[in-house]
Structures are given as C-alpha cells and as structure tokens.
Amino acid sequence: MTAENRTVVVTGIGAFTPLGGDAASFWQGLIEGRSGVAALTEEWATDLPVRIAARTAVEPGEILPRPLARKLDRSAQFALIAAREAWADAGYETPATDDSSKLDPTRLGAVIASGIGGVTTLLDQYDVLKEQGVRKVSPHTVPMLMPNSPAANVGLEVGARAGVHTPVSACASGAEAIGYAIEMIRSGRADVVVAGGTEAAIHPLPIVAFSNMMAMSKNNDAPQHASRPYDKNRDGFVLGEGAGVVVLESAEHAAARGARVYCEAVGQGLSSDAHHIAQPEPTGAGVARAIADLFAHNELDKAEVVHVNAHATSTPQGDTAEVKALRKELGEHLDHVAISATKSMTGHLLGGAGGIETVATVLALYNRLAPPTINVDDLDDDIDADIVTGEPRTLPEGRIAALNNSFGFGGHNVVLAFRTV
Amino acid sequence: MATQTEVLEGLAEIVNEIAGIPTEDVELDKSFTDDLDVDSLSMVEVVVAAEERFGVKIPDDEVKNLKTVGDAVNYIIENA
C-alpha cells in the first residue's frame, strides 16, 4: 500500500478557461489558435493603464446555482467547475464519502492552488464595510477569501480525507499543486488526488499593481495581439482567469478499475532562484536547475521529450531566460522539441496557469498535437528554439514525453513531466 | 404591524434568496439547519436581511434561540 515511487497517471481533466468552459472547448480553441483576450468593458477599467484581459469564456454564474455561487469566491467557483468536470471525466459518479462510492475517502486527496486567493472577495467586502457598514459584511468572507478555499471546496465536493493542500508560489502555484499531488501518490499517502490551479484576479487593484511593476502589456488597442511570447515586440503579460484541474491516480488503482488513462504524470523538478523578488534570473540558471532536478530524480530520458508547454508569459526577460535554460539542459536535442506558449491565447492565469497548461500538455500528448503560439510575427533573435507557430504541430509516434514549465514571482521554478503510456 | 402570514412570506423570500429553498417549503415548523440548508454562517445573512426587511433588531445572543422558522416569525412579530 505504501510502496515508494509508484507510477502516477492522469485519468481525468477539467478546464474553465478564456477559450472555453470545458476541456474540449479549451483544446479546440488552442488548436484553432484563438485568442481569449478582449477589451475590459467595465466602467472601472476606463481610466486604467491596462484595459485588456482574458475573461473566462463562460460566466460561472451560468453553471453554479446562485445559493452556492454566492458563498464562493470567483476563484473557487472556477476550481469547483473544473474539478467536477475532471472528476466525472475520470469516471467517478459520487463523492468518495457516499455510501455507494467504491473509493476510500481516506485514500483521496485534493491539492488546488491559486497565486493570490480570494482577492476580489477581500476588496469587494472592504467596499461593503466602508459603504454599507459593519452589519453588511458577509459572514462568508473569511472562508471565501482564504487562499485554501478552492482546495477546501473541491475537497468537500469529492469527499477527500487523505489531505487537502494549497501550495502558494505566485505563478508557479498551479504547477506546484500538481507536483505535490504526484508526490502524495508516489509516496503512498493517497491513491487518487484531484489537483490543479485557479485564479480570478481581474479587478482594478491587481491590474494597477501589476501594471505599476511594468509587468503587463499596455497594447490596449489590439487586445488579441497583446500576448505575444517570443515576438520582438512583446511588452508584458496579459492577465487571464480560470482554472485547470486533473485527476491523478496510481497506475495500479487506475488499472484495477479499468479507467481510461490519458498519460503518465512522470514527476516534477523544483528549484528557486535566490536572485530577486520579482525579476527572472536572466541567464535562466534557476530554471535550468529545476530541469536538471527533474531528470536527476525521475526515470525520464531527455530524448523522450518532444514538446514543452512553456511558461513564456510575453515578458521581454522571462521568455528569453526560459529558452536559455532549456538549451542549457537539453542541448542539441532542443532542436527536436516543439515549444508552445499557450499564454499567447489564454493570457496569464497566474496560479491558474499551471492548471490549464497541464491540461493542455496532457491533451497534446494524448492527441499527439502541439498547439500553436500565436502573435509571433517577428521572432526574437535571442529565441534559439523550435517555436510552434501557425498550424498545430503533429508530435512523433512511439513513447514521447512533454514538459510543462511554471515560474513565479519570488523565484519559484516548477517543471512537470508527462509521458504517453 | 405585520401579520404572521406577511412575516412568513418575507422570511421565505429571504431563505429562498440565500439558500435556494423554494418559498413554499419554508414553513413554521421547519428547522433552519436541519430542513432548510441554512448553516450558522448563512443564518447570519438571514438575520441581517430580516432586520432590514422588518425593521427589527435581532441581537447575536438571540440568534441561537431561533431554531425554527416559527421561532423567527414570533420574534419578529413581538419585537418589530
């Protein structure tokens, strides 16, 4: 039951994104090379320096009943919708705590992260306090704004009693959650873990705060062209929102119940920069150490890696440093690796990025197709790698692997690896 | 002075808004917690909405005594 280093597989996926409200429509949008970015039409956006963002394609209020939705921060709403999809996709029909369930709830975990937590709840309720007084502040405020709220609500939904966790590492949070979940299963703490990332930070304060860091694109006149990783004219990231969730399971557990397996979740590589609170390490040394850590601690050959879903947020420094790191660790083999920057279409979901990009990576392996990177009109001379642009790229036959990179403010580097079965 | 029927109808609308329970199911003998899916946090919302609607003050100490819809209706009628 607690054998070390058990094989972990992906048996369910769910996505609630700017390109579509489920994994199928998300994937369709990626393959079509569609942008989910649009002008913000809210009145509060009128005077902001940044007036574009990638809202979810579907409003969560159209899916969740209102009495439930009003007790959940928008980030938890996204996570719950994506988790329900992933749970059903994995073939589970009831929470593990139901009498009819064949799954032991003490062997089920949930690890869902967000980078910022319930920031819109916090700010909205502060407005309520100032404008309407003490009595009108919602009693649900604390359970809505706490960063572990999406994980806790997903844990309640599926009946997880092996452990519910929320790693926080800014824009690496979603990937760190999935890495943590893989370790929970490998080490024998759980047989099944629902894992992913979510974020809902489209609000004037976060937008202005990121903008004042000079981190965001101000290409307000051309929203769909603003997120342009690897292009010479990239000028920062575009804020997106949404969630991506996967069901991870020990290979034995999945086989015993005859589950459909998308791919193997091989493992993670981790490092930290100790360089700057918000700047990427310009040579990519920290990212390179995370990639090296991945290969050092997992049975994975570099030659198997044929695709990378890059972190590539469309910032001048970060995109270049990541490619340098990939070149350093993969050497000439990088010439045979199809790199996709799906943030060109979805914008940057911060803590949700690792979630939806894991779903994208899983589907790229399952369909053997790498999504395009849009808006690369003039490839930066410093990008010495094979960027998939234009049409999606067919990936090779045989046993192939893919990486999903996520890095966060604070110098957190997470590299996840997946492989066909 | 509101009648029992008026207060019950008003409370039913509030419970419907907060917990999604159909208004016709909000009856005098129903328990907020056990029958109407109103947990302790949502009960605070029900109380604040009822105070506003009926112009009554329901102190925090009193809320724990309001176990059924009938308890709340009686309190509101007596204190409005």
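## Aromatic pairs, selected residues and the A–B interface

Over all chains, the structure holds 5 aromatic pairs, where rings of Phe, Tyr and Trp (its six-membered ring) count as a pair if their centres lie within 6.5 Å, with planes under 30 degrees apart called stacked, those over 60 degrees edge-to-face and the rest tilted. This is a predicted model, in which local features need pLDDT of at least 70 and side-chain atom pairs count only at pLDDT 80 or more, while totals for chains, interfaces and linings use all residues. Residues are numbered from 1 along each chain as its sequence is written, chains are lettered from A in the order in which they are written, and side-chain values use heavy atoms, with hydrogens and water left out.

Two of the pairs are set out below.

| Pair | Centre to centre | Angle between planes | Class |
|---|---|---|---|
| Trp87(A) and Tyr92(A) | 4.4 Å | 20 degrees | stacked |
| Phe210(A) and Phe237(A) | 5.3 Å | 85 degrees | edge-to-face |

Phe210(A) lies in helix α8 (residues 204-212) of chain A, whereas Phe237(A) lies in the loop between α9 (223-226) and β7 (242-250) of chain A, so this pair ties together parts that are 27 residues apart in sequence; helices (H or I, at least four residues) and strands (E, at least two) are DSSP runs, numbered from the N terminus. Phe210(A) is buried at a relative accessible area of 11%, and Phe237(A) is buried at 4%, where buried means under 20% relative accessible area, exposed over 50% and partly exposed in between (1.4 Å probe, protein chains only). Together with Phe409(A), Phe210(A) and Phe237(A) form one aromatic cluster. Trp87(A) and Tyr92(A) are both buried as well.

Ser250(A) lies in strand β7 of chain A and counts as buried, at 1% relative accessibility. When neighbours within four places in sequence are left aside, the residues in contact with Ser250(A) (heavy atoms within 4.5 Å) are Arg6(A), Thr7(A), Val8(A), Val9(A), Ile185(A) and Asp191(A).

His165(A) is found in strand β5 (residues 163-165) of chain A. With neighbours within four places in sequence again left aside, its contacts include Ala110(A), Val111(A), Tyr180(A) and Arg189(A). The C-alpha atoms of His165(A) and Tyr180(A) are 8.6 Å apart in space, with their positions 15 residues apart in sequence. The side chains of His165(A) and Arg189(A) make a polar contact at 2.9 Å, a polar contact being a pair of N or O atoms within 3.5 Å of which, within protein, one must be able to donate a hydrogen and the other to accept it, residues adjacent in sequence counting only if both atoms are side-chain atoms.

In chain B, helix α5 (residues 69-79) has Val69(B), Gly70(B), Ala72(B), Val73(B), Tyr75(B) and Ile76(B) buried, and what covers the buried residues of α5(B) includes α1 (4-19), α2 (32-36), α3 (40-54) and α4 (60-63) of chain B.

Between the chains, 10 residues from chain A and 16 residues from chain B take part in the contact. Chain A and chain B bury about 1,100 Å² between them, 43% of it on carbon and sulfur atoms, buried area being the accessible area (1.4 Å probe) that two parts lose on being put together, summed over both. On the chain A side, Arg70(A), Arg135(A) and Pro139(A) lose the most area to chain B, together 52% of what that side buries. The interface holds 5 salt bridges by the rule, which asks for a side-chain nitrogen of Lys or Arg within 4 Å of a carboxyl oxygen of Asp or Glu. Lys136(A) forms a salt bridge with Glu52(B), with the closest N and O atoms 3.0 Å apart.
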